[in-house]
Amino acid sequence: MPSCLFQIIFYFYIMTILKVLTYPDVFLERIAEPVKNIDENMLSIIDNMAETMYKFEGVGLAATQVGINKRIIIYDYAQTNSEKKELITLINPEIISTEGSFTSKNEGCLSVPDYRSDVKRAASVKVTATDKNGDKINIEAQDLLSVILQHEIDHLNGILFIKRISPLKRQIYIKKQKKNKKNQ
Ligand code: NI
């Protein structure tokens, strides 16, 4: 069997649903490290992240959320308005400029279960990143895509969306969350 075919089969079998860390896990506060080499290990991490995101019906996922301290985000923007999957992977994404302000309605996060809130965000962003092939890409985004990019890049900087809401709202969430834990 040619070795590359063997590898493909191997990766197919080790595709895994990863555990999504939730607040208040301190790992979520880490600043993720840049990816230096996009090697096979990195590509299999990305595959597993995608499996995990689709399994839990997330629109986006950052490596930090699955306990991997690397600057990788994935998202499927098409998922929200069509059946067709269109997975985007950004490696070392960076917001290079923002414009305006905008309230993102009912933002949610797989790491902050059972909670949604409006969040103040920039209206548009310019992002640079590297794709899975190592090619540089530039993205200009508004609306939902802009929110996804800001939300996921926040994760890589250790920031959950509940850090961007009012302290009062945050306290309400934290109290509710502690109560839920006690009742479990
Ligand atoms: Ni999130």
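Q: What makes Y115 and F161 buried or exposed in this predicted model?
A: Both Y115 and F161 are buried, which means that each has under 20% relative accessible area. The model is predicted.

Q: How do you know whether the ring pair of Y115 and F161 is stacked or edge-to-face?
A: The ring centres of Y115 and F161 lie 6.2 Å apart, and the limit for a pair is 6.5 Å. Their planes stand at 20°, whereas stacking requires planes under 30 degrees apart. The pair is therefore stacked.

Q: What does the pair of Y115 and F161 tie together?
A: Y115 belongs to strand β5 and F161 to the loop between α3 and α4, so the contact joins parts that are 46 residues apart in sequence. The structure holds three aromatic pairs, and one aromatic cluster is formed by Y23, Y115, F161 and Y173.

Q: Which peptide bond joins Y23 and P24, cis or trans?
A: Y23 and P24 are joined by a cis peptide bond, with omega at about 5°. P24 is placed in the loop between α1 (3-14) and α2.

Q: Where do Y23 and P24 appear among the pockets?
A: Y23 and P24 help to line the second largest pocket, together with residues including D25, P113, Y173 and K176. The space in this pocket comes to about 210 Å³. Helix α4 (167-183) and strand β5 each give two or more residues to its lining. The largest share, five residues, comes from α4. By class, the lining consists of four nonpolar, four polar and four charged residues.

Q: What makes C109, H151 and H155 donors of the nickel ion?
A: The SG atom of C109 and the NE2 atoms of H151 and H155 lie 2.1 to 2.3 Å from the nickel ion. A donor must be an N, O or S atom within 2.8 Å of such a metal, so these atoms qualify as protein donors. Water is not among the atoms, so a site may look incomplete. In sequence the donor residues follow the spacing C-x41-H-x3-H.

Q: How are H151 and H155 placed in helix α3?
A: H151 and H155 are four residues apart in α3, about one turn of the helix. An α-helix has 3.6 residues a turn, so residues three or four places apart point the same way. Both histidines, H151 and H155, are buried.

Q: Why is α3 described as largely enclosed by the rest of the structure?
A: Of the 14 residues of α3, 12 are buried, so the helix is largely enclosed by the rest of the structure. Among the buried residues are L145, V147, L149, E152, I153 and L156. For the protein, with its 184 residues, the buried share is 42%.

Q: How do you know that the span of α2 agrees with the expected value?
A: Helix α2 (residues 40-55) has 16 residues, so at 1.5 Å a residue it should span 22 Å; its end C-alpha atoms are 22 Å apart, which agrees. For α3, the distance from first to last C-alpha is 21 Å, close to the 20 Å expected. α2 is followed by E57, with a positive phi near 55°, and α3 is followed by G158, with a positive phi near 75°.

Q: Which residues lie nearest the centre of the largest pocket?
A: V59, E107, G108, C109 and R116 lie nearest the centre, within a lining of 24 residues. The elements β4 (102-109), β5 (112-121) and α3 (143-156) each contribute two or more residues to this lining. The largest pocket holds about 490 Å³ of space. Its lining divides into 10 nonpolar, eight polar and six charged residues.

Q: Why is R71 placed in one exposure class and N92 in another?
A: R71 has 12% relative accessibility and so counts as buried, the limit for that class being under 20%. N92 has 23% relative accessibility and so counts as partly exposed, a class that runs between the buried limit and the 50% above which a residue is exposed. R71 sits in the loop between β1 (60-62) and β2 (72-75), and N92 in strand β3 (residues 88-99).

Q: What is the sign of phi in N92 and in D143?
A: N92 has a positive phi near 50° and is a residue other than glycine. D143, which is not a glycine, has a positive phi of about 50°; D143 lies in helix α3.

Terms used. Residues are numbered from 1 along each chain as its sequence is written. This is a predicted model: local features need pLDDT of at least 70, side-chain atom pairs count only at pLDDT 80 or more; totals for chains, interfaces and linings use all residues. Side-chain values use heavy atoms; hydrogens and water are left out. On a 1 Å grid over the protein atoms alone, a cavity is a set of points where a 1.4 Å probe fits but cannot get out, and a pocket is an open set with protein on both sides within 12 Å along at least five of seven lines; lining residues have an atom within 4 Å of a point. Grid points are joined across faces, edges and corners, and a volume is the space filled by probe spheres set on the points. Ala, Val, Leu, Ile, Met, Phe, Trp, Tyr, Cys and Pro count as nonpolar, Asp, Glu, Lys and Arg as charged, and the others, Gly among them, as polar. Donors are N, O and S atoms within 2.8 Å of the metal (3.2 Å for Na, K and Ca); water is not among the atoms, so sites may look incomplete. Buried means under 20% relative accessible area, exposed over 50%, partly exposed in between (1.4 Å probe, protein chains only). The expected span of a helix is 1.5 Å times one less than its number of residues. Rings of Phe, Tyr and Trp (its six-membered ring) pair if their centres lie within 6.5 Å; planes under 30 degrees apart count as stacked, over 60 as edge-to-face and the rest as tilted.
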